[in-house]
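Biologist: I am new to this structure. Please take me through how some of the helices pack, and then through the surroundings of the ligand.

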Amino acid sequence: MNDFSITVYGKKIRFNLVMVYLFLNAAFGILTVKLFPQLYVVFPTNLYLTMHNVAEIASVVISCAVFIVAWYNYKQSKRLYELLISLTFLAVGIIDFAHTLSYNGMPDFLTVNSVNKASTYWIVARLVQAVGFLAIVITTQSRIKKNLNSNIYLGITISVTILSVWYIALRGKGLPPMYQVGKGQTDAKLMFEYLIIGMEFAALVILSIKKSQSTRYYLEAAILLGIFSEIAFTLYSSAYDTYNLIGHIYKIVAFICILRGLFVTSVVNLHLANRILRERRRKLNEANRKLERVNTLKTDFLASTNHELRTPLTAIIAFTELLMDKETGPLNEVQLDYLHEINESSQILLTEINNILDLSKVEAGRMKLHIEKAEICEVLQVVLRQLRPVFKQKKQKVEIVLLKELPSAFMDIDKIKKVFINLLYNAHKFSHEEGIITVEITLSEDSGGIQVNVRDNGIGLSMDQVANIFDKFYQVESTLNKHQHGTGLGLTLARHFVELHGGRIWVKSAIEQGSTFSFVIPLAVKEGVAV
Ligand code: ADP
């Protein structure tokens, strides 16, 4: 909005009005002192020391804050430039602290304090800062993401920084002097200052050329003020004068800009993530609503077609039974045989249609339980009477073991019957001739409900098959299975019925070792929920 750009050698350089305003102000601050010599003051040592301490401690605290915020941002975002900001400001904070403690007039820090010692720390801190800015600017542009072991880099930064602080204090005399009493700043210091200004200027240009980012302005402002801070430091002649003070003030404001930029990044990122999440949730809700509509349509379709199929099928079954009845009139052997076939196949078809109907009801949440007081053993006996001919076909033996005396329970008798029929019919289908099927009934140790175990010594199931056995339409590929009819819905329905009672169903099995299907239902059930 406040941007305008000029093109230099084909490169578009973007400027921001706020930045231009900042530039003019910063330049004005320095120029006024140049133009009005009466503004140039050398402050009394004590007053200046106090101001210097306040300014520097503030900048050390801000550096630490920048380090912490950028560090935690990096941990989340893995953006390299945030790690660089964090480590740069940690090093800068430590060296600036050494600079504060070494200032002329402060109690000695490690060795005798001097303007030269404090200036050396200052220059090193600003060099680190300038190199950091360049690296940050380059990595900000590409938003490089790197999952580095940041703790190692943190360790290296702390060690190298502390070693440098220690080295400057103890062996600083071997380094080129930065300040000489009587002469003021040395050429070496000025050379470093110009180098720092050059690097920061390069960082600023790179930043202005590249794409706009929400936090770019804060970084730009910080670098701009960093440059003016250094310009002020090339101009001072006393460590307690106005230029020195201006340099420190510009530096603090620059650091504040970095900190603010980081907060803005975190907040902007949070808002962005939030917006993406909101959008995803909206899409998900929409998809869910669509799915619900389609599912209701599917359920309605299934219910109505199944109903349409069931009515004529029931008629077929009833009429075949009437025809088979001797009173309707005599039939020859072959005709009777065919009628038996028709009747049996129709019964199978009816069971499958009923299964599909039940499943669509369960899935639509329309399946209700009709709870009655009942004896589970009696329910089992009814089912066994019904299945007796089936077991007889394969000469299979069914044993009932009542492990504990059971009280009456509350259940939907029809649904529990269906569970029994399914488990027992499967035990019959997937066991060999003359197999033994055992039904154990007991009180469950953990839930206090009724536990039923249906055990067979049939073909069994592998671990993989056990994991999927209760899934819709799941059937195991096996030679025995090929000769059985079924749709893979029986166990799914059994699970739903047991769960509607507030119970659970599971299986233990091994190939050729037989299977034990178990289920538990609570003694009392109210509207599908265990009480
Ligand atoms: P269906 O019997 O109609 O195929 P089910 O859901 O009742 O459907 O069973 C799914 C599959 O689980 C069966 O096809 C069969 O492969 C396997 N299965 C079920 N019960 C047993 C059992 N007692 N022993 C071995 N396999 C079984």
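Biologist: Is the crossing of helix 3 and helix 5 left-handed or right-handed?

Modeller: The model is a predicted one. In it, the axes of helix 3 (residues 80-102) and helix 5 (residues 150-171) come within 10 Å. Where these two helices cross, the hand is right-handed.

Biologist: Are helix 3 and helix 5 roughly parallel or roughly antiparallel to each other?

Modeller: Their axes cross at roughly 20 degrees. Angles under 35 degrees count as roughly parallel. Helix 3 and helix 5 are therefore roughly parallel.

Biologist: How are helix 3 and helix 8 oriented to each other, roughly parallel or roughly antiparallel?

Modeller: Helix 8 covers residues 242-324, and its axis is 13 Å from that of helix 3. The angle of this packing is about 150 degrees, and the crossing is left-handed. Angles over 145 degrees count as roughly antiparallel. So helix 3 and helix 8 are roughly antiparallel.

Biologist: Which backbone contact with an oxygen atom of the ligand is at 2.8 Å?

Modeller: Three residues can be checked by distance. A backbone N or O atom of Gly488 is 3.1 Å from a ligand oxygen, and a polar backbone atom of Gly490 is 3.3 Å from one. The contact at 2.8 Å is made by a backbone N or O atom of Leu491.

Biologist: What percentage of the ligand's accessible area does the protein cover?

Modeller: On its own, the ligand has 530 Å² of accessible area. The part of this that the protein covers is 97%.

Biologist: Which element gives the largest share of the shell around the ligand?

Modeller: The shell has 21 residues, and among those that come nearest are Asn426 and Lys429. By type, the shell divides into 9 nonpolar, 10 polar and 2 charged residues. Helix 11 (413-429), helix 14 (490-500) and strand 11 (514-521) each give two or more residues. The largest share, 3 residues, comes from helix 11.

Methods: Residues numbered from 1 in each chain as written. Predicted model: local features only at pLDDT ≥ 70, side-chain atom pairs only at ≥ 80, totals over all residues. Heavy atoms only, no water. Near = heavy atom within 4 Å. Polar contact = N/O pair within 3.5 Å; in protein donor to acceptor, adjacent residues only side chain to side chain. Areas by Shrake-Rupley, 256 points an atom, 1.4 Å probe, with all protein chains shown as cover. Helix = DSSP H or I, 4+ residues; strand = E, 2+ residues; numbered from the N terminus. Nonpolar A, V, L, I, M, F, W, Y, C, P; charged D, E, K, R; others polar. Axes fitted to C-alpha atoms, helices over the stretch in contact; angles between N-to-C directions. Parallel < 35°, antiparallel > 145°, perpendicular 65-115°, else oblique. Left-handed = near helix turned anticlockwise from the far one by under 90°.
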